[in-house]
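Thanks for taking a look at this one with me. Below are a few numbered points to read alongside the structure, meant for someone opening the file without any background.

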Amino acid sequence: MELSHEDYMKVALTLAKEAAAAGEVPVGCVIVHQGQIIGRGRNRREEDHDALAHAELLAIREACQHLGGWRLADCRLYVTLEPCPMCAGGIISARIPEVFYGAKDSGIGACGSILNLFEEGFRHRPKLRGGILQEACTEELSRFFQTLRKFPEEGEDLKLL
């Protein structure tokens with residue numbers, strides 16, 4: 001029996017929580033093929049000292065290795081945060097036909113918040129659905145960023161830890 005969109009997003013959310021525990025921005029991603037998770041990723045930029053170590057790209061890499069090719073035409077991607085331009089480009093390049101995300105990203109979102117790369121003139125245009133477990137995904141991000149901030153005493157400036 002195939003899991004629901006919410007069930008797959010819960011797995012991605014677990015990966016996001018692992019990222020947060022490691023001091024990374026809590027973003028998690030899974031790629032599903034024929035009802036089976038074949039790619040998992042979580043943010044690892046700080047750990048790997050790699051600007052490209054986004055959850056989506058790591059999950060795409062693992063899924064490609066699993067299937068033995070770069071085309072992920074029969075797959076679905078679930079990610080806790082709206083993809084950035086780099087990740088949206090990776091999704092397009094991997095030919096992933098469906099993308100599901102949790103929280104919007106008003107700072108760098110490239111799937112509707114700032115622009116939607118999937119609506120541009122590329123040959124491949126993934127279907128997009130946002131808002132899957134949006135509240136839980138947003139809460140995880142908010143909790144992470146709140147822990148980064150030291151709340152100032154009266155008269156002090158806000159400082160990041």
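1. Strands S1 (residues 28-33) and S2 (residues 36-42) run antiparallel and are joined by six bridges. Please keep in mind that this is a predicted model. At the turn, His-33 stands opposite Gln-36 of S2. The hairpin has two residues between its strands, and one residue to look at there is Gln-34, which takes a positive phi near 50 degrees.

2. Next, follow the parallel pairing around S4. Strand S3 (residues 75-81) pairs with S4 in the parallel sense, over five bridges. Within that pairing, Leu-77 has Val-99 of S4 as its bridge partner. To get from S3 to S4 the chain passes through helix H4 (residues 85-93), and this β-α-β crossover is right-handed.

3. S4 also pairs with strand S5 (residues 127-129), again in the parallel sense, over three bridges. Here Phe-100 has Arg-129 of S5 as its bridge partner. How much of S4 (residues 98-103) is buried? The strand is mostly covered, with five of its six residues buried. As a reading aid for any of these strands, side chains in a regular strand alternate between the two faces of the sheet.

4. Now to the cysteines. How many disulfides does a search of the whole structure find? The count is zero. A disulfide is a covalent bond between the sulfur atoms of two cysteines, so distance is a good place to start. For Cys-75, the closest cysteine sulfur is that of Cys-64, and at 8.3 Å the two are too far apart for a bond. Cys-75 is also buried, with a relative accessible area of 1%. Cys-137 gives a similar reading: the closest cysteine sulfur, in Cys-29, is 11 Å away, too far for a bond. Cys-137 counts as buried too, at 2% relative accessibility.

5. Finally, the largest pocket holds about 230 Å³ of space. Its lining is made of 16 residues, and those nearest the centre are Val-27, Asn-43, His-54, Leu-81 and Asp-105. Two elements, H4 and helix H5 (134-148), each give two or more residues to this lining. Sorted by class, the lining has ten nonpolar, two polar and four charged residues. If you colour the lining, H4 is a helpful landmark, as the helix the chain passes through between S3 and S4.

Methods
Residues are numbered from 1 along each chain as its sequence is written. This is a predicted model: local features need pLDDT of at least 70, side-chain atom pairs count only at pLDDT 80 or more; totals for chains, interfaces and linings use all residues. Side-chain values use heavy atoms; hydrogens and water are left out. Buried means under 20% relative accessible area, exposed over 50%, partly exposed in between (1.4 Å probe, protein chains only). Helices (H or I, at least four residues) and strands (E, at least two) are DSSP runs, numbered from the N terminus. Two strands pair if DSSP finds at least two bridges between them. A crossover is right-handed if, with the strands pointing away from the viewer, the path from the first strand over the helix to the second runs clockwise. On a 1 Å grid over the protein atoms alone, a cavity is a set of points where a 1.4 Å probe fits but cannot get out, and a pocket is an open set with protein on both sides within 12 Å along at least five of seven lines; lining residues have an atom within 4 Å of a point. Grid points are joined across faces, edges and corners, and a volume is the space filled by probe spheres set on the points. Ala, Val, Leu, Ile, Met, Phe, Trp, Tyr, Cys and Pro count as nonpolar, Asp, Glu, Lys and Arg as charged, and the others, Gly among them, as polar. A disulfide is a pair of cysteine sulfur atoms within 2.5 Å.
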